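Thanks for coming. I will take a few minutes on the charged side chains in this one and how they pair up.

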Amino acid sequence: MKAAQLVPEEYGSYYQSYINLVGEQHLLTALSKSGEKVIDFLSAIPEEIMHKGYAEGKWSIKEIIVHLMDTERVFAYRALRFARRDITDLPGFEHNDYVHYSNANSRSKADLLSEYKAIRHNTLSLYR
């Protein structure tokens, strides 16, 4: 399926700009390629700055990576619920609390990237 085949009623309007970025690519191809690009980008960042944010009180690069992983997990769980026709209300999640309790800055870059790769692999497997 391509992004252009999605019906606006199938997603929140907030996500339209993200869907537009996919263009004419097949959605699974885009998801796979974007994961590779994220790994390449993050791999080039020196370990010694991974724990820093761009300003006081802002998330560090490591915390951003954890946020990406947490969000991908939450969305994959939601997709599973939709696919299984689970009509139970979906709870939200407070991403600031998730990051606060993640201990991201105590982890190595290699560990975070390894986990990111595993999550993306599992997400692609679910969606296939």
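There are six salt bridges in this structure, which is a predicted model. I will go through some of them.

Start with Glu47 and Lys62, whose side chains form a salt bridge at 3.4 Å, N to O. This pair connects distant parts of the chain, with the two positions 15 residues apart in numbering: Glu47 sits in the loop between α2 (27–43) and α3 (61–83), and Lys62 is in helix α3. Is Lys62 buried or exposed? Its relative accessibility is 5%, so Lys62 counts as buried, the cut-off for that being under 20%. Glu47 has 36% relative accessibility and therefore counts as partly exposed.

Next, Arg81 and Asp86. Their side chains meet in a salt bridge, and the N to O distance is 2.7 Å. Arg81 counts as buried because its relative accessibility is 8%. Asp86, at 32% relative accessibility, falls in the partly exposed class. So here a buried Arg81 is paired with a partly exposed Asp86.

The third pair is Arg107 with Asp111. That salt bridge has an N to O distance of 2.8 Å. Asp111 is partly exposed, because its relative accessibility comes out at 36%.

Which residues are linked with Arg107 and Asp111 in a network of salt bridges? Arg73 and Glu115 are: the network is made up of Arg73, Arg107, Asp111 and Glu115.

To recap, the pairs I covered are Glu47 with Lys62, Arg81 with Asp86, and Arg107 with Asp111, the last of these belonging to the network. That is all from me.

Definitions and conventions
Residues are numbered from 1 along each chain as its sequence is written. This is a predicted model: local features need pLDDT of at least 70, side-chain atom pairs count only at pLDDT 80 or more; totals for chains, interfaces and linings use all residues. Side-chain values use heavy atoms; hydrogens and water are left out. A salt bridge is a side-chain nitrogen of Lys or Arg within 4 Å of a carboxyl oxygen of Asp or Glu. Helices (H or I, at least four residues) and strands (E, at least two) are DSSP runs, numbered from the N terminus. Buried means under 20% relative accessible area, exposed over 50%, partly exposed in between (1.4 Å probe, protein chains only).
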